Amino acid sequence: MPKFPMTQPSSYTASFTLDKAHYSECYTQSSTLSHDKKTYFKANVLTVFGLIILLATPVNPYAAWFVIALGLLETISVYYHKPWWVIRQMLSKASHSEVKLTIDEQGILTESFHINNRILWSDVTLVTETELGFLIYFSLGKTAMGKDIASKSYISKSCLSDDAIAFIGQKNPTVA
């Protein structure tokens with residue numbers, strides 16, 4: 001992947017492809033899913049509820065087996081969350097497209113045939129450096145109730161120069 005040349009003071013550009021490796025890295029670096037008892041709680045409740053319906057009530061057994069099947073499906077979806085997420089991204093229209101990344105004093109701009117998105121530094125609430133990239137947490141605005149609408153985006157270091165990495169590190173609002 002090409003490294004950023006410095007095109008003007010504090011402006012860096014690069015491009016990358018939205019491929020399976022990129023999506024897999026994005027998931028592993030940004031996912032907060034853990035495989036513990038709490039994660040499988042809903043699946044376990046559905047399965048136990050289905051068994052109770054099946055064994056302790058006169059309700060049609062098909063309904064009970066349906067609830068049990070939902071519990072098992074939920075268990076599988078939690079267990080295989082990463083491959084399922086990566087496959088969904090690979091099936092999207094943006095998959096395999098080239099993305100141009102521009103990082104400057106205003107913010108982070110991602111441009112492709114399918115989407116143009118700018119994250120302004122003024123909206124960034126936190127920059128977290130991971131082993132392979134950066135998680136950029138930012139606000140999308142406010143809800144009608146006045147709460148912040150929070151989001152996050154991942155930028156891989158694989159296409160960033162050392163100057164660009166240092167520049168992003170300096171933009172962390174928690175450090176300032």
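**Group meeting: strands, core and aromatic pairs**

Good morning. Strands β6 and β7 pair in the antiparallel sense, over five bridges. I should say at once that this is a predicted model. The two strands, β6 and β7, form a hairpin, with three residues between them. Within this pairing, Glu 129 has Phe 134 in β7 as its bridge partner.

Let me turn to the interior. The largest nonpolar core has 24 residues, and those touching the most other members are Leu 101, Ile 103, Ile 108, Val 124, Ile 136, Leu 160 and Ile 168. At least two residues of this core come from each of β2 (11-17), β3 (98-103), β6 (124-129), β7 (133-142) and α5 (162-170).

Next, the aromatic residues. Searching the whole structure yields five aromatic pairs. One of them joins Tyr 23 and Trp 85: the ring centres are 6.3 Å apart and the planes stand at 85 degrees, so this pair is edge-to-face. It links distant parts of the chain, with Tyr 23 in helix α1 and Trp 85 in helix α4, 62 residues apart. Tyr 23 is buried, at a relative accessible area of 7%.

Trp 121 and Phe 167 are also edge-to-face, because their planes lie at 75 degrees, with centres 6.3 Å apart. Here Trp 121 sits in the loop between β5 and β6, while Phe 167 belongs to helix α5, 46 residues away. Both Trp 121 and Phe 167 are buried, and together with Tyr 12 they form one aromatic cluster.

Finally, the surface. Phe 66, in helix α3, is exposed, with a relative accessible area of 53%. Phe 66, Leu 70 and Leu 73 make up a nonpolar surface patch of about 300 Å² accessible area together. Thank you.

Definitions and conventions. Residues numbered from 1 in each chain as written. Predicted model: local features only at pLDDT ≥ 70, side-chain atom pairs only at ≥ 80, totals over all residues. Heavy atoms only, no water. Patch = residues over 30% accessible without salt bridge, like charges linked within 9 Å, V, L, I, M, F, W, Y side chains within 5 Å. Areas by Shrake-Rupley, 256 points an atom, 1.4 Å probe, with all protein chains shown as cover. Salt bridge = Lys/Arg side-chain N within 4 Å of Asp/Glu carboxyl O. Helix = DSSP H or I, 4+ residues; strand = E, 2+ residues; numbered from the N terminus. Buried < 20%, exposed > 50% of the residue type's maximum accessible area, 1.4 Å probe, protein only. Core = buried A, V, L, I, M, F, W, Y, C linked by side-chain atoms within 4.5 Å. Pairing = 2+ DSSP bridges. Phe/Tyr/Trp six-rings, centres within 6.5 Å; stacked < 30°, edge-to-face > 60°.
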